Amino acid sequence: MAPPVAVSPLIKFSRYAALFVGIAYGSRKNARLTVSEAEVRKIEEKQKKEREERERIAKELAAANEDTILK
Amino acid sequence: MAALAQRMVTALTTKGPVLAKNAVEFSKPRLQTFWYYAKVEMVPPTPAEIPKITEGFSNLIKAARTGAWMQTTVREGVRNTVVVAEIGFWFFIGEIIGRRSLIGYNV
């Protein structure tokens with residue numbers, strides 16, 4: 001077995017620094033995205049309710065206006 | 001169907017421990033070699049090595065300034081590229097850990 005290499009401390013330090021920076025970056029971006037996604041979901045929920053309301057009214061109007069004797 | 005389930009359960013209880021023991025015995029020497037190298041190469045730098053860190057950093061800057069980087073061989077250049085790529089991979093692994101999801105952000 002080859003003896004272990006003496007890794008330069010600069011490389012070791014930058015490895016762990018990159019690891020911690022990555023953890024911080026990932027967790028902060030996750031927090032930011034969950035917040036913005038909650039807001040988008042709220043807006044979409046409201047729009048969906050309005051749209052369903054309009055569709056329901058349109059359907060009732062269409063059902064009232066069709067001329068069939070089979071009612 | 002019930003017989004199949006019963007066979008599976010008996011196989012699990014009889015062969016399960018044997019398989020686990022074989023797995024442990026297989027992995028022990030490999031874990032030992034991993035630990036043998038990791039103890040020296042993967043350990044985070046101790047505070048005693050901080051002056052060496054600053055010295056290495058200033059060496060980098062000096063090499064960039066004086067143009068010594070133009071004298072590097074291709075072999076050295078490839079090795080440096082692989083080292084920098086490894087540092088980049090540690091960043092991405094950190095991001096995976098930070099967002100607590102393997103592939104994307106689970107929003």
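Select chain A and colour it by relative accessibility: buried residues (under 20% relative accessible area, with exposed over 50% and partly exposed in between, computed with a 1.4 Å probe and protein chains only) make up 15% of its 71 residues. The model is predicted, with local features requiring pLDDT of at least 70 and side-chain atom pairs counted only at pLDDT 80 or more, whereas totals for chains, interfaces and linings use all residues. Residues are numbered from 1 along each chain as its sequence is written, chains are lettered from A and ligands numbered from 1 in the order in which they are written, and side-chain values use heavy atoms, leaving out hydrogens and water.

**Chain A**

Switch to a cartoon of chain A, which has 1 helix and 0 strands; helices (H or I, at least four residues) and strands (E, at least two) are DSSP runs numbered from the N terminus. Chain A has a radius of gyration of 30 Å, well over the 11 Å that the globule rule gives for 71 residues, so it is more spread out than a compact globule. That radius is taken over C-alpha atoms, and the rule is 2.2 Å times the number of residues to the power 0.38. Along the principal axes, the C-alpha trace of chain A spans about 95 × 30 × 10 Å.

Next, display the surface of chain A. About 5900 Å² is exposed, and carbon and sulfur atoms supply 60% of it; accessible areas come from the Shrake-Rupley method with a 1.4 Å probe, and for residues only the protein chains shown count as cover.

Now select A:Ala31, in helix α1 of chain A. A:Ala31 counts as partly exposed because its relative accessibility is 44%. Draw a distance from its C-alpha atom to that of A:Glu50, 19 residues apart along the chain: the separation is 29 Å.

**Chain B**

Move to chain B, where there are 3 helices and 0 strands. Its radius of gyration is 24 Å, while a compact globule of 107 residues would have one near 13 Å. The C-alpha trace of chain B spans about 80 × 40 × 35 Å along its principal axes, and 11% of the 107 residues count as buried.

Select residues 50–66 of chain B, which form helix α2. This helix has 17 residues and reaches 24 Å from its first C-alpha to its last, close to the 24 Å expected at 1.5 Å a residue; the expected span is 1.5 Å times one less than the number of residues. After α2(B) comes B:Gly67, with a positive phi near 85°.

Proceed to residues 74–99 of chain B, helix α3. Its 26 residues reach 37 Å between the first and last C-alpha, close to the 38 Å expected. B:Arg100 follows α3(B), and its phi is positive, near 55°.

**Where α3(B) is covered**

Show side chains for the buried residues of α3(B): B:Ile87, B:Trp90, B:Gly94, B:Glu95, B:Gly98 and B:Arg99. What covers them includes α1 (9–65) of chain A, so display both chains together.

Finish by centring on B:Glu95, in helix α3 of chain B. B:Glu95 counts as buried because its relative accessibility is 10%. Which residues does B:Glu95 touch, not counting those up to four places away in sequence? Contact means heavy atoms within 4.5 Å, and B:Glu95 touches A:Gly22, A:Ile23, A:Tyr25 and A:Gly26, together with B:Tyr105.
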